[in-house]
Amino acid sequence: MQKGQIGISTENIFPIIKKFLYSDQEIFLRELVSNAVDATQKLKTLAKLGQYNKDVSTATVRVSIDEKKKTITISDQGIGMTQEEVEKYINQIAFSGAEEFLEKYKDKADAIIGHFGLGFYSSFMVAKKVELHTKSYTEGAQAVKWECDGSPEYSITTIEKEDVGTDVILFIDKESKDYLNESKIQELLSKYCKFLPVPIAFGKEKEYKDGKYVETDTDKIINNPTPAWTKKPTDLQDEDYASFYKELYPVSDEPLFNIHLNVDYPFNLTGILYFPKIKNNFEVQKNKIQLYCNQVFVTDSVEGIVPEFLTLLHGVLDSPDIPLNVSRSYLQSDSNVKKISNHITKKVADRLQSIFKNSRDEFEKKWDDLKLFIVYGMLSDEKFYERADKFALFKNVDNKYFTFEEYKTLVKDNQTDKNDTLIYLYATDAEKQFSYIKKAQDKGYDVLLLDGYLDSHFINQLEQKFEKTQFTRVDSDIIEKIIQKDDAQESKLSQQEKDLVTPAFKAQCPSEHYLIQFESLGEDDMPVTITQSEFMRRMKDMAKMNPGMNFYGELPDSFNVVINTNHRLIGKIVTDCTAKTKDTVSIFDEDLQSLQKQKEDIESQHKDKKDEEIPTAEKDTLTEIQKQIDDASKKKTEVLQEYGKQNDTIKQVIDLALLSNNMLQGEALNSFVKRSLSLIK
């Protein structure tokens, strides 16, 4: 037996390993199984070169648990080690590497990602003692056992071992006893080792016999050593890609299509990316791309490696050129990572462009599922915008699709207003906004359907990109004002008549957040229309997704009640209101005229004086006159409001406007139905 101390300066490195890497301790299994796979592949390479003449075709890595002995064993039939190699690679290189690693990151434990290179010594994250039984492939090699209990002391003894290869036996400590659970190890093997290139056996296959499941003699292989991304695209059919997707995501819907990546210069990158059917809540779609390094799982959090919008894709990326032992900030600035990121973005854009160019019908059928991904990419990545500009589509309310340039050509002549601004009309709900869409279409205008999760942000971007262009929702104003032409109609109402009925209409509005407006429209247009400011509504929509815009999100919804001054019902209401309130209103008007004249006379006498030069008595008189004006105005308004409250026609035309905007519900809707019946008796 040989005893010694590992050549490190740290008094006891193993508690430090546990302290720094505790949150990621499960990666011990990935590291040890990866080492076993590497050793197996090395021996297979030597066999191909004629330097080892025994059969290695069935070489398998085996993982086993002994609950009684509280051990986990990882065994391989690989290259093995001599005693000299154990001393070199285990006692010197590995642990000096551990010390260097920990020294480098002693103040940045949270910056460690990936942990590749921890290798063998990661076993001490869960084990109180580790034994290594190994026999080299070299002719006449003596098998040895290396043993260490987590202190700097170790021992090496010679043993008998029939087969070449290495067994790593972990004696699990009390704090890590969960790893002696078969289901836990199965979970970790499935997560980290699912696609390693050497068969990995864990337990035996079971079959149903005599009313129960019993073990067979067949090894249960937990991995697929030759996943689809390791094969050439020419060797794969559509069904192979579909089958691999099901292997990755057993319960997901079928993807739209895929991209097979295979790059060997200036970096190495393989993988298959799938376009899923993306739901509107795209946050749940992230963390679906799995990152591998030589078929070893690393992470499914790839935001630092691919652009943000590409995290909506599903699939696998495999590259040995992505640094994994460094902080995320370093990762994002690494030149290889940037090249890989740019390459993936280009490949995705090229694939979309190819489908659009060669099979536009297919592209249009998939547009509704692709749209969120493409819009997200155009919003977040300028280079992707430049590429996607050629295949991104608009969809109108008639379910027709147009490229940006095609749509501009379609609407430019008819939808350019008197200020030479091209107006893109859009709806967010074709059913709820039907009446507004119909009015626009009756004038020969086209209406886009922009009902996507990110569309409120997207139209802001497009307004900046498109020259002299404005996007306006079709219900944001009457259509004559949205696209203003030179032929404005004359109003049949005077300003005095408008002022007269304003309080009457205000009295029948659902809340104080409704503003009365008058517009000169056609006699056949609706008597009253409800609209909402494009700016405020868009800001509120954006605030729902952006916490930094809470100011807009907290504001109450406000609407415009647009009264058609040329409609016969409005004329009838004005005539009726004038007749029924004339006697009372005329008294207030006379008082107001008299008070206003008194106020103007006093103010004219002091128009060139400073405030301090005006006598206090006259200031008091002005204050009293203003109070009387306010009181008279208030009483006049109350009279007109009371008239409005009693006028079923006013209530009916406002409710009709609300109904056409899907804003009449509950008790108000029930009252409207009853009133409608009474009016047509």
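N223 counts as buried because its relative accessibility is 9%, where buried means under 20% relative accessible area, exposed over 50%, and partly exposed in between (1.4 Å probe, protein chains only). This is a predicted model, in which local features need pLDDT of at least 70, side-chain atom pairs count only at pLDDT 80 or more, and totals for chains, interfaces and linings use all residues. Residues are numbered from 1 along each chain as its sequence is written, and side-chain values use heavy atoms, with hydrogens and water left out.

N223 lies in the loop between β9 (212–221) and α5 (238–248); helices (H or I, at least four residues) and strands (E, at least two) are DSSP runs numbered from the N terminus. Not counting residues up to four places away in sequence, N223 touches C193, K194, F195, L196, V198, P199 and I200, a contact being heavy atoms within 4.5 Å. The distances from N223 to three residues are tabulated below.

| Partner of N223 | Atoms compared | Distance |
|---|---|---|
| V198 | side chain of N223, backbone oxygen of V198 | 2.8 Å |
| I200 | polar side-chain atom of N223, backbone nitrogen of I200 | 2.8 Å |
| A201 | C-alpha to C-alpha | 8.3 Å |

Helix α7 (residues 335–358) has 24 residues and should span 34 Å at 1.5 Å a residue, which agrees with the 34 Å between its end C-alpha atoms. The expected span is 1.5 Å times one less than the number of residues. Among the buried residues of α7 are V337, I340, S341, I344 and T345. An α-helix has 3.6 residues a turn, so residues three or four places apart point the same way.

L669 is in helix α20 and is partly exposed, with a relative accessible area of 31%.

Key: Polar contact = N/O pair within 3.5 Å; in protein donor to acceptor, adjacent residues only side chain to side chain.
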